[in-house]
Amino acid sequence: MPLSRFGRRHERTFGKEKEEWDGDFRKPPKPDSYYTKIKGMCRWCGKMIIKEDGTINERKSWHEDCATEYMIIYHSREQRAHLRKRDRGKCNHCGVITRRWDCDHIRPLVEQKGVKAKDLDWSYYKLENLQTLCKPCHRKKTNSEVHLKKKRKLNFKGTKQWQ
Ligand SMILES: [Zn+2]
Ligand SMILES: [Zn+2]
């Protein structure tokens, strides 16, 4: 989506009161700057948007990269579009090129479950942590993760007993 259209769509949310985070690790809380209305300040990173001549660009409220980062987290269709552009439907595991692919978090987002807002690891939510997987590979990965989780749970219980 072009940044101009993106900006317009987001004007409604500008200066809105900050919502309480519901703790959903799939949708991390937006930063304070998202709700702060200062001309020329990026709503995502909170830094000023500087023009080539070194002055502040008061007409903008997003850095282009920041808008991308934002959309990859909060808009699954945009997330898919960015991944399609990068991987072109090629499974990152077996190399097959397919139109039926899934968007997978390399390090699973569930690892951020229960983490406090200030301790969230934002690298989990970036494009670098996303990969294209064909359906069979995705299924295999998900199954192995469930398996791991169970194992971890058992280990945890095990340690607890010893404490
Ligand atoms: Zn920014
Ligand atoms: Zn595959």
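# A tour from the enclosed strand outwards

Start by selecting residues 130-134, strand S2: 5 of its 5 residues are buried, so the strand is largely enclosed by the rest of the structure. Bear in mind as you go that this is a predicted model.

Now show the side chains of S2. Leu130, Thr132 and Cys134 point one way from the strand, while Gln131 and Leu133 point the other way. Both sets are buried. In a regular strand the side chains alternate between the two faces of the sheet.

Next, bring in the partner. Which sense does the pairing of S1 and S2 take, parallel or antiparallel? The two strands pair in the antiparallel sense, over 5 bridges. To see one facing pair, select Asp104, which stands opposite Gln131 in S2.

**Stepping back to the whole chain**

Zoom out for a moment. The chain holds 4 helices and 2 strands, and from the N terminus on the elements run α-α-α-β-β-α. Of its 163 residues, 15% count as buried, and the five residues of S2 that you have just visited are buried. If you like contact maps, take those contacts in the chain with a separation of 6 or more: 48% of them are between residues 24 or more positions apart.

**Into the loop between the strands**

Select Pro108, in the loop between S1 and S2. With 16 other C-beta atoms within 10 Å, Pro108 is partly exposed. Draw a distance from Pro108 to Leu130, C-alpha to C-alpha: the two are 9.5 Å apart in space and 22 residues apart in sequence. Leu130 is one of the buried residues of S2 that you have already met.

**The crossing of H2 and H3**

Two packed helices are described by the angle between their axes and the distance between the axes. Select residues 64-74 for helix H2 and 76-87 for helix H3. Their axes come within 6 Å and cross at roughly 115°. That makes H2 roughly perpendicular to H3. The crossing is left-handed.

Which residues meet here? On the H2 side they are Thr68, Met71 and Ile72, and these meet Glu78, Gln79 and His82 in H3. By class, the contact of H2 with H3 has 2 nonpolar, 3 polar and 1 charged residues.

**Just past H3**

Move on to Arg88, in the loop between helix H3 and strand S1 (101-105). What is the phi of Arg88? The angle is positive, about 55°, although Arg88 is not a glycine. This residue is exposed, with 10 other C-beta atoms within 10 Å.

**Towards the N terminus**

Go back along the chain to Pro31, in the loop between H1 and H2. Pro31 is partly exposed, and 16 other C-beta atoms lie within 10 Å. Leaving aside residues up to four places away in sequence, Pro31 touches Trp44 and Gly46. Select Arg43 as well: Pro31 and Arg43 are 12 residues apart in sequence, and their C-alpha atoms are 7.9 Å apart in space.

The last stop is Glu11, in helix H1 (residues 3-11). Is Glu11 buried or exposed? Glu11 is exposed, because just 10 other C-beta atoms lie within 10 Å and the cut-off for exposed is 12 or fewer. Finish with a distance from Glu11 to Ser61: these residues are 50 apart in sequence, and 9.3 Å apart in space, C-alpha to C-alpha.

Conventions:
Residues are numbered from 1 along each chain as its sequence is written. Chains are lettered from A and ligands numbered from 1 in the order in which they are written. This is a predicted model: local features need pLDDT of at least 70, side-chain atom pairs count only at pLDDT 80 or more; totals for chains, interfaces and linings use all residues. A residue is buried if 20 or more other C-beta atoms lie within 10 Å of its own, exposed if 12 or fewer, and partly exposed in between; C-beta atoms are placed from the backbone. Two residues are in contact if their C-beta atoms, placed from the backbone, lie within 7 Å. Two strands pair if DSSP finds at least two bridges between them. Axes are lines fitted to C-alpha atoms, for helices over the stretch in contact, and angles run from 0 to 180 degrees between N-to-C directions. Angles under 35 degrees count as roughly parallel, over 145 as roughly antiparallel, 65 to 115 as roughly perpendicular and the rest as oblique. A crossing is left-handed if the near helix is turned anticlockwise from the far one by less than a right angle, and right-handed if clockwise. Ala, Val, Leu, Ile, Met, Phe, Trp, Tyr, Cys and Pro count as nonpolar, Asp, Glu, Lys and Arg as charged, and the others, Gly among them, as polar.
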